[in-house]
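Reader: I'm new to this one and would like a close look at a single part: the sheet and the place where the two chains meet. Could you walk me through it?

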Amino acid sequence: MRAARKRAAAEWELRLYIAGETPKSLAAFANLKKICEENLQGRYRIEVIDLLKNPQLARGDQILAIPTLVRKLPTPVKKIIGDLSNEERVLVGLDLRAVARRAS
Amino acid sequence: MSARVKRNGRGNRSARVVPLRRGPEGLQKAPSGIQGLDEITDGGLPRGRPTLVCGGPGCGKTLFALEFLVRGATAHGEPGVFVSFEESEPEIATNVASLGFDVRRLQAEKKLSVDWVRVERSEIEDTGEYDLEGLFVRLDHAVKSVGAKRVALDTIESLFSALPNPLVLRSELRRLFRWLKDRGLTAVITGERGEETLTRQGLEEYVSDCVIFLDHRVTEQVSTRRLRVVKYRGSTHGTNEYPFLIDEEGISVLPITSIGLDHRASRERITTGIERLDEMLGGKGYYRGSTVLVSGTAGTGKTSVAASLARSTCENGERCLYYAFEESAAQLTRNMRSIGVDLERQLKRGTLRLVAVRPNSQGVEMHLLSIHKAVKAFDPSIVILDPITNLTANGTTLDARLMLTRLIDLLKSRGVTALFTSLTTGTTDLEETDVAVSSLIDTWLLLEIVRSGGERNRALTIIKSRGMEHSNQSAEYRLSRRGLEILDTYLGPSGVLTGSARLAREAEDRAGALLREENAARQRALRETRRKAFERRLETLRAEFEVEDAEIERAIREDAERGEVVASDRLRMAKSRQAFSGRDARKDGIR
C-alpha cells in the first residue's frame with residue numbers, strides 16, 4: 001500500500017495510521033479512497049503510516065486505535081477511528097457533508 | 001511478615017539486579033522499592049505480572065506507580081515505562097520533582113520512558129471496526145527503547161470515557177494484560193475506585209494477581225492515608241490496613257505491629273539524669289531500651305523529668321529525639337533553663353533534636369510514621385514524647401493506644417529507650433492514664449501533688465519498674481535552680497511528712513534533742529557537784545580523825561611519862577632514906 005498522491009499542494013491532507021496490512025487496514029484504505037474519490041476528487045492527498053515500521057510516529061498524533069484517520073488539513077485537525085465502513089459517519093467526522101452536498 | 005525480608009532500595013548500585021525472591025510456590029517478586037511495602041508483601045510485587053493499584057481521587061495511585069518505576073530504575077536496575085492517560089509529561093515531571101524524583105534525568109539516562117496517551121472523546125468519531133493496536137505499538141516501542149522491565153499504566157480506565165465502544169475496549173484490555181504477561185513485564189495498573197467495586201470499570205476482573213487498595217480517609221478533620229493488600233495470588237501478605245505517608249522521600253508504608261514479641265532485652269542501665277532517682281531505681285536508673293512513663297497532674301514536673309533524661313543522655317554523647325507536643329522548642333529550652341537544665345547547648349551540638357508539633361496537625365498514624373522516619377534517620381538512643389495525652393485529641397483512645405503499641409514495638413526492636421509523659425486530669429484515677437498504656441510500660445513514675453496544711457508539695461512514686469529492685473518510698477522533690485531534687489524522706493509516726501509539715505516536725509525533733517542534751521548535761525553537773533561535796537566531807541572527817549588520833553597519842557605518851565616520874569621520885573626518896581625496900585617501891589610505882 002502506498003501513499004496516494006493526487007497533487008503536490010492538496011486542499012485535503014489525510015493521514016491514515018495502520019499497523020501492518022491487516023484486513024481492517026486494507027478495508028480502511030479502500031473505504032477512504034472511495035469516499036475521497038467520490039467527494040474530493042483531485043483535492044486530496046492520503047498518507048498512510050504503518051506503525052509497525054515507524055512506531056515512534058504514533059506519539060505525535062496521539063494514535064491509540066487502529067486504524068485512525070487524521071485530517072491534517074483543512075484545520076482544525078480531526079480524528080476518526082475504525083475501518084471507515086460507516087460512510088455516513090466518515091462524512092460527519094471529516095466534515096465532508098457540506099462539501100458532499102455542494103458537489104451533488 | 002517475615003524478618004528475613006530486608007529493606008530494599010537503599011544504596012544498591014543501580015547496575016546490579018537484585019536477586020529474585022521466591023514465594024512458597026516459586027512466585028518471583030520484584031521489590032517495589034517503596035518503603036515498607038516489600039515487608040508487607042513479603043518481597044515485592046509479583047514479577048512479570050500486573051498489579052492493580054486502586055483507590056479514590058488523591059489517594060496516591062499515580063505516585064505509587066511512578067515511585068515503583070523510579071525505584072526500579074534507580075535502585076534495582078530495572079528500567080520502566082510510564083504510560084499516563086491523565087497527566088502530560090511535563091506535569092508529571094513537575095509533580096514528582098518535589099518528591100526528589102528526577103524524571104527528566106532518568107529519561108535522559110534511558111532508564112525511564114514516559115508516554116502521555118491523550119484521548120479526547122470529542123475528536124474521535126467511530127466509523128467502524130477498530131482495535132487498540134496503536135497503544136500496543138507505542139508501548140512496545142517504549143519498552144524496547146529503554147529495555148524496560150517495569151510498566152505503569154495510569155489510569156487506563158480513562159479510556160472508557162474516551163472510546164465509544166466499551167466492548168472493544170474490554171477485549172483489548174484483556175489482550176493488553178496478556179501481552180504484558182507474555183513479555184514478563186512487572187506492571188502497575190492504577191484504577192479509580194468504583195461505587196461497589198474496587199475499580200469503576202471492574203479492572204480487577206482482568207488483573208487478578210495482586211490488588212492493592214489505597215485509601216485516604218478523613219476522620220474528625222484529620223486525614224490518614226492507608227494501604228491494604230486486598231489480594232496477592234500465590235503469596236503470603238499482611239492483610240491489615242497500613243498507614244502510609246507521602247513526603248519528600250516518596251511513599252512510606254509502615255508495616256507496624258510485629259506479631260511476635262521478640263525484642264532483645266538489654267541489661268545495660270542508663271542514668272535518669274536525677275541522682276536520687278537513680279538510687280530509687282535500684283541505684284542505676286532505667287534499663288536501656290525500656291519504656292518509661294511519667295504521669296502526673298498539671299505542674300508536677302513531668303517535662304522536667306523528661307528533660308533531665310534528655311540532658312544526661314546528650315551529655316554522655318548519645319542522641320536524643322524529643323517530641324514536644326505542647327511547647328515550642330524555644331519555650332521548652334527557656335523553661336528548662338530555669339531549673340538548670342541546659343538543652344540549648346545540646347541542641348547546638350546536634351545531640352538533641354527537638355521536634356515541636358501540634359498533635360492535631362496530623363493523624364496519629366502520621367505521627368507514628370514521621371517518628372518512625374525520624375528515628376531511622378537520626379538514630380537516637382532516647383525518644384521522648386511529651387506528652388502522649390494530646391494524641392488522643394485527634395483520634396480515639398484505641399487509635400492512640402495502637403499507635404503507641406506500634407511505636408513501642410519499633411523503639412524496642414531498635415533498642416531505643418522511650419520516655420512518655422502523660423497528663424492525668426483531676427477526674428481520672430491517678431494511677432490510670434487516659435491512653436491506657438500502662439501495661440506496655442516498663443517503668444512508671446507517678447508524680448503527684450500532696451496537699452496538706454495549706455500547701456501543695458510534690459511527691460514521686462515508682463509505681464512499677466520491671467526487672468529491678470526499686471524504692472517503695474514516696475519521695476518528696478523540689479524543682480529548683482539546681483534541677484529536680486529529691487529530698488530526704490521524713491517518716492513520722494503518722495506516715496510521710498512533706499513540705500512545712502516535714503520542716504516543722506524536723507524542727508520539733510531538733511528541739512527535743514536539744515532539751516534532752518541539756519538535761520543530761522545538768523545531771524552530769526549535779527553529779528559532779530555531789531561527788532565534790534562528798535570528797536570534801538571525806539577530807540574533813542579524815543582531818544578530824546587525824547587530830548583526835550594525835551591527841552590520843554599525846555595523852556598516852558604523857559601518861560607514860562608521868563608514871564616514870566613517880567617511880568623515879570620514889571627511888572630518889574628511898575635513896576635518900578637508904579631503905580632496902582627500893583624494889584618494892586619500884587613495883588608500886590610501876591603499878
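Author: Sure, and one term comes up before anything else: pLDDT is the predictor's confidence in each residue, on a scale from 0 to 100. You'll want it because this is a predicted model. For the complex, the predictor gives an ipTM of 0.85 and a pTM of 0.65. Chain B has an average pLDDT of 82, with 87% of its residues scoring at least 70. Going element by element in chain B, the highest mean pLDDT, 92, belongs to strand 5 (residues 80-84), and the lowest, 48, to strand 1 (residues 21-22). Over residues 1-24 of chain B the pLDDT stays under 50, and the model has 43 contacts beyond four places in sequence for that stretch.

Now to the sheet. It's an open one made of five strands, in the order 2(A)-1(A)-3(A)-4(A)-7(B), and the pairing is mixed. At the edges sit strand 2 (44-50) of chain A and strand 7 (124-126) of chain B, each pairing on one side only. From one strand to the next, the twist averages 25°.

Start at the chain A edge. Strand 1 (residues 12-18) of chain A runs parallel to strand 2 of chain A, and seven bridges link the pair. If you want one to find by eye, look for A:Trp12, whose bridge partner in strand 2 is A:Tyr44. Packed on the sheet is helix 1 (residues 23-39) of chain A, which touches strand 1, strand 2 and strand 3 (68-73) of chain A. The direction of helix 1 makes about 165° with that of strand 1.

Now hop over to the other edge, where the sheet passes from one chain to the other. Strand 4 (residues 78-81) of chain A pairs with strand 7 of chain B, again in the parallel sense, over three bridges. Here, A:Ile80 stands opposite B:Glu125 of strand 7.

That pairing brings us to the contact between the chains, where 21 residues of chain B are in contact with 29 residues of chain A. On chain B's side, strand 7 and helix 5 (133-146) each supply at least two residues. Helix 5 of chain B gives the largest share of that side, seven residues. Sort the chain B side by class and you get 10 charged, seven nonpolar and four polar residues.

So what should you look at on screen? Try following the strands in the order 2(A)-1(A)-3(A)-4(A)-7(B), then turn to helix 5 of chain B, with its seven residues on the side that touches chain A.

Notes. Residues numbered from 1 in each chain as written. Chains lettered and ligands numbered in written order. Predicted model: local features only at pLDDT ≥ 70, side-chain atom pairs only at ≥ 80, totals over all residues. Pairing = 2+ DSSP bridges. Helix = DSSP H or I, 4+ residues; strand = E, 2+ residues; numbered from the N terminus. Axes fitted to C-alpha atoms, helices over the stretch in contact; angles between N-to-C directions. Contact = placed C-beta atoms within 7 Å. Nonpolar A, V, L, I, M, F, W, Y, C, P; charged D, E, K, R; others polar.
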